[in-house]
Amino acid sequence: MTGRADPWLRRFLSACRTGPSAVVGMAALLVVCAMALYSVFLDGRDPFDIVSLPHRAPTFVGPLPLGTDYLGRDLAVCLLAGAAPTLSVAAVAAGLAMVLGVALGALAGFFGGRLDDLLMRFTEFFQVLPALLFAMVLVTLWSPSPTTIALTIGFVAWPPTARLARAEFLRIRDLEYVVAARAAGAGAGHLMWRVILPNAAPPLIVSATLVVTTAILFEAALSFLGLGDPDTMSWGQIIGANREYVLDAWWPVAFPGLAIFLTVLAVSLLGDGLNRILDPKSDGA
Amino acid sequence: MTGYIARRLLHGLFLVAGVVVVNFVLLRLAPGDTATAIAGEMGGATADVLAAIRADYGLDRPLPTQLAIYLGHIARGDLGMSHYFNLPVSSLIAARLGPTVLLVASAQIVALVVGVALGVLAARARGGAVPTLVTAFTTACHAMPVFWTGIMLVVLFASILPVLPVEGMSDLRLRDAGWITRTLDVARHLVLPVVTLVLVHLAQYARITGAAMREVLAADFIRVVRAKGAPERTVLFRHALRNAALPVLTVAGLQFGHLLSGALLVETVFNWPGLGRLAFESLLRRDYPTVLGVLLCAAAMVVVVNLLTDLAYRLADPRLRTVP
């Protein structure tokens, strides 16, 4: 025992005071992750199993707490099973979008000139094409699977990140400490990834949460349209499959939508809180 | 100014051409054969018929030739024939463009007005419950999947509160009614799709307006205006909002592509006869000329809106008018 509070703990507590929404968002997100892990590793039930009559109303207690869908599948099991595909597709898509966006934005902002012009024209091309429409075209090119959907979403979702990264690199590259590092003989690679990137990280981290919410909503939209993988039980897919019967039974559409809503809300809150913690100047409005 | 507009239009033309070329190549590389798809619609075919279809549609020529022919036709305003609808793509698009523009423009205007109003409300309150409530409301709206919001509104208004139509754009029974009745009918059909789109999109406007207004209201010139005894309404709307309008305009332009993406889903939910549904239907049927036509049209819309935003920006900010 040292008698002193662990500095990490203290920093964590002060962060909680500055951005309480980050804690709420993080906690909610952990619940969704726990649902995903439970469904993948512990829950032996198959979400595609037909367990009862179709359209049993939700009772909230006992067996079939959320009722059954149009085929008589247990909606609670479907919802648990939908967490993992939704989260993993969103994570992979957001990861790809961040890597593409930061890499292209960094190159454009750091080198400027012709390369900047070229890369920004390329970015503009993606911005005149409504992203969901382009994603729809791309998923029809491959047979839909969680991998192809994640890659597609990542491929259409990077431009906002690229613009942000470009602006940050452009701003930081002429600051004194970068000039000093350059004068000390640092190469372009070292300057970009070791000197500038850590200082450009806070707004990029906040924007990453925005990319994750975009990815979750896109995955849901594509599955809802029936362009997703029919063999994967994702939340959007449950909504799309049950939509036709929504006037007879609202719950197979309402609950998965609520799950998407709460997950996106959790990520937004996390982003909002991180913004307050990482950027003390922002009023968080 | 004219030179500037001409340059921007030319630039936009290149972007739209780029969109067409890339998607043309992508769709030709897609697995599945257009000739088979057309033959499937006809109820199956022999190898001879498939070869005839390929020759008819020029599908047997090399890809660069096909692309050159297609671009040549577009330059003359010919978007080709739809395999599925068996109509010229341009007439299909002409029929669907109006409903989409009506939906998107109404949603954009309502979202701007309500979003800006909420932002002003939050910025004026300075502390207290109002800004928190506005932020909570807009954050929640922004997190809802747009198609789900739409379906939930359909459930609400179809069974519990049947006061608004939940499907389509007009009531067929009113086909022969006067134009006032028909206009009102379309307006009634428009309410739920627009509300759905607005709920998702007003968050951005409220957020940006709130932040910009707070910044402007803290500026010295506002203190001068207040010191001169101007009523609060004049301070807020004549002085502060005019200065806070620029970032809102920027976001409105950038949001347009998202709005089109959202409209695509909303059209599907409410059976709105617009471009989004046309794109979806033609993609499912591998009717690629129609898909390409819709992509071209969507990209052109974004280019035009961006140009209009830019011009509005110049009108709103006198400093920019002299910049060539």
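Visitor: How do you know how much area chain A and chain B bury between them?
Guide: This is a predicted model, and in it chain A and chain B bury about 3700 Å² between them. That number is the accessible area the two parts lose on being put together, summed over both, so it counts as buried area. Of it, 80% is on carbon and sulfur atoms.

Visitor: Which elements make up the side of chain A that touches chain B?
Guide: Those giving two or more residues are α4 (113-128), α5 (131-141), α9 (188-224) and α11 (251-278) of chain A. The largest share, ten residues, comes from α11(A).

Visitor: And what makes up that side of chain A by class?
Guide: You'll find 30 nonpolar, four polar and five charged residues there.

Visitor: How many residues does each chain bring to the contact?
Guide: Chain A brings 39 residues and chain B brings 44 residues. They count because they have heavy atoms within 4.5 Å of the other chain.

Visitor: How many salt bridges and polar contacts link the chains?
Guide: The salt bridge count is zero between chain A and chain B. For polar contacts, six residue pairs turn up across the interface, both partners at pLDDT 80 or more.

Visitor: Why are some residues of α6(B) called buried?
Guide: Buried means under 20% relative accessible area. In α6(B), B:P131, B:V134, B:T138, B:T139, B:C141 and B:A143 are buried, so each of these falls under that cut-off.

Visitor: What covers the buried residues of α6(B)?
Guide: The cover includes α9 and α11 of chain A, together with α5 (89-125) and α8 (179-217) of chain B.

Technical notes: Residues are numbered from 1 along each chain as its sequence is written. Chains are lettered from A and ligands numbered from 1 in the order in which they are written. This is a predicted model: local features need pLDDT of at least 70, side-chain atom pairs count only at pLDDT 80 or more; totals for chains, interfaces and linings use all residues. Side-chain values use heavy atoms; hydrogens and water are left out. Buried area is the accessible area (1.4 Å probe) that two parts lose on being put together, summed over both. A salt bridge is a side-chain nitrogen of Lys or Arg within 4 Å of a carboxyl oxygen of Asp or Glu. A polar contact is a pair of N or O atoms within 3.5 Å; within protein, one must be able to donate a hydrogen and the other to accept it, and residues adjacent in sequence count only if both atoms are side-chain atoms. Helices (H or I, at least four residues) and strands (E, at least two) are DSSP runs, numbered from the N terminus. Ala, Val, Leu, Ile, Met, Phe, Trp, Tyr, Cys and Pro count as nonpolar, Asp, Glu, Lys and Arg as charged, and the others, Gly among them, as polar. Buried means under 20% relative accessible area, exposed over 50%, partly exposed in between (1.4 Å probe, protein chains only).
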